Amino acid sequence: MKPRQEQEEDEERLRQRKLEESLEIKSLRRIVSAYLNYPEAAEEDVKRYERSFRKLPPSHKAFEPPLDMSQDIDDSGELHFEWPPNDGNVCSHESTTARGSCSKLDEACCGESSNVMSKLAEGLTANEEVQIEGCHGSDTGSCLAGEENNKMTAECCGNHVSDSNGNVPSSPRDWLDPSFQLHVPLVDVDKVRCILRNIVRDWAAEGQKERDQCYKPILEELNSLFPSRCNKSPPTCLVPGAGFGRLALEISCLGFVSQGNEFSYYMMICSSFILNQTQNAGEWTIYPWIHSNCNSLSDSDQLRPVSFPDIHPASAGITEGFSMCGGDFVEVYSDPSQVGVWDAVVTCFFIDTAHNIVEYIEIISRILKDGGVWINLGPLLYHFADMYGQEDNRYFAAFWTMRKKSAAVEKHST
């Protein structure tokens, strides 16, 4: 038997692990709810806009309705619009007031985006390709794609998710039950809308110019540094802060065993959906600018549809072994099993997220093989850009390549 002190230490570690799992489950439920509540949040926006219009002073001429709307005001002062019912639209509800709160145009735009949000949440629970399960290898949250079926996977770390009563959903569809759609704070709603805009950057034709500016220099550098890539033993490349996984996929298509690492569940859910669930290019249409009133010269700018993905990921020519890993970069890649594993580490708009930049650099050096390379592109103060005045509110992207000295060379030089 173990000494009493060791038993107490084991019990404390077990309690700590259960606490961490519970917090992670709670966080995941909140994020799934944010996706599922997208249409309701859009409806609330429309209602809020209507209330603000009614509160304008008589002299204010900013909003002139083209129709006589007095007939739609009841004794309570509430506005009611009657549109033909559309059972297939997520903005349609049993309540007359709720059903009338979206204009026809808003219904079309919000409806298509809402369908995508629902599919994203469903994609998270698609047991065929994405499993919510404990991670193998270490306790840090590292998940590797299974190579036996050569499918792209993005596993979410954690045990089975339960509700407040301790009940575990028996099937993926149970996640869509109203009891799991919790009250969603506005900050979570904004994050989902940010996801919609970021999809354009990584997975739509409209984002090609920005991808060329950020990803192309990295891909060209990798191609030149590893000119003799072999299919039997391809070089390995890690992409921390992979976001939606587009850069990691492009690197895989170059002939690398590529792995993307991402900490945000918001990003992971979306990347899993795009990588695993899409059947063809241009399959989905969203209206990412519908919620933003800034930087639009006309209504058509704000209501512009965007189709994604611009390529079908499964048909892009990936190298076997491509995977996405969920978890904090420091926790996952500080594991001893990661030492000297990677031929290359690529960081794109990532290192400025560090609480301690020295810790990032030390881990990158540790996980690289002797002679491995670190390619970086991005600013050093991007996350603090809003601290400067308008005239200084910009950042400059640094681009560099560093090579790790071999142990023998380093020993000889000292």
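This short talk walks through a structure, from its central sheet to its salt bridges and two buried polar residues.

Good morning. The model is a predicted one, in which local features need pLDDT of at least 70 and side-chain atom pairs count only at pLDDT 80 or more, while totals for chains, interfaces and linings use all residues. Residues are numbered from 1 along each chain as its sequence is written, and side-chain values use heavy atoms, with hydrogens and water left out.

Let me begin with the sheet. Six strands form an open sheet in the order β7-β4-β3-β8-β9-β10, with mixed pairing. Its edge strands are β7 (323-326) and β10 (398-403), each of which pairs on one side only. On average, and ignoring direction, neighbouring strands of this sheet are turned by 15° against each other. Helices (H or I, at least four residues) and strands (E, at least two) are here DSSP runs, numbered from the N terminus. Two strands pair if DSSP finds at least two bridges between them. As general background, strands of a sheet pair through backbone hydrogen bonds, either parallel or antiparallel.

Next, I turn to strand β3. How many of the residues of β3 are buried? Five of the five are, so β3 is largely enclosed by the rest of the structure. By buried I mean under 20% relative accessible area, by exposed over 50%, and by partly exposed anything in between, with a 1.4 Å probe and protein chains only. Thr 236, Leu 238 and Pro 240 point one way from β3, whereas Cys 237 and Val 239 point the other way. Five bridges join β3 to strand β4 (residues 257-262), and the two run parallel; here Cys 237 stands opposite Ser 258 in β4. With β8, β3 pairs in the parallel sense over two bridges, and Leu 238 stands opposite Val 345 in β8.

Helix α11 packs on this sheet, touching β3, β8 and β9, and its direction makes about 140° with that of β9. Such angles run from 0 to 180 degrees between N-to-C directions, the axes being lines fitted to C-alpha atoms, for helices over the stretch in contact. Which residues of α11 (residues 357-367) are buried? They are Tyr 360, Ile 363, Ile 364 and Ile 367. These residues lie on the same side of α11 because they cover an arc of only 100° around the axis, the arc being that of the directions from the helix axis to the C-beta atoms. Their cover includes β3 (236-240), α10 (329-333), β8 (342-348) and β9 (368-378), where contact means heavy atoms within 4.5 Å. At the N-terminal end of α11, Asn 356 acts as a cap, with a side-chain oxygen 3.1 Å from the backbone nitrogen of Val 358.

I now come to the salt bridges. A salt bridge is a side-chain nitrogen of Lys or Arg within 4 Å of a carboxyl oxygen of Asp or Glu. The whole structure holds twelve of them.

One joins Glu 12 and Arg 15 (2.7 Å, N to O). The two are three residues apart in helix α1 (residues 4-36), which separates them by about one helical turn. Glu 12 is partly exposed at 40% relative accessibility, and Arg 15 is partly exposed at 48%.

Another joins Asp 188 and Arg 30 (2.4 Å, N to O). Asp 188 lies in helix α5 (residues 186-203) and Arg 30 in helix α1, so the pair ties together parts that are 158 residues apart in sequence. Asp 188 is buried at 2%, whereas Arg 30 is partly exposed at 41%.

Within the sheet, Lys 369 and Asp 343 meet in a salt bridge (3.3 Å, N to O). Lys 369 belongs to strand β9 and Asp 343 to strand β8, 26 residues apart. Lys 369 is partly exposed at 30%, and Asp 343 is buried at 16%. Elsewhere, Arg 211, Arg 246, Glu 250 and Asp 310 are linked in a network of salt bridges.

Finally, two buried polar residues. Asn 198 is found in helix α5 and counts as buried at 17% relative accessibility. Leaving aside residues up to four places away in sequence, Asn 198 touches Phe 244 and Met 267. Asp 45, in helix α2 (residues 38-54), is buried at 6%. With the same neighbours in sequence left aside, Asp 45 touches Arg 193 and His 291. The C-alpha atoms of Asp 45 and His 291 are separated by 8.6 Å, although the two residues are 246 apart along the chain.

Notes: A polar contact is a pair of N or O atoms within 3.5 Å; within protein, one must be able to donate a hydrogen and the other to accept it, and residues adjacent in sequence count only if both atoms are side-chain atoms.
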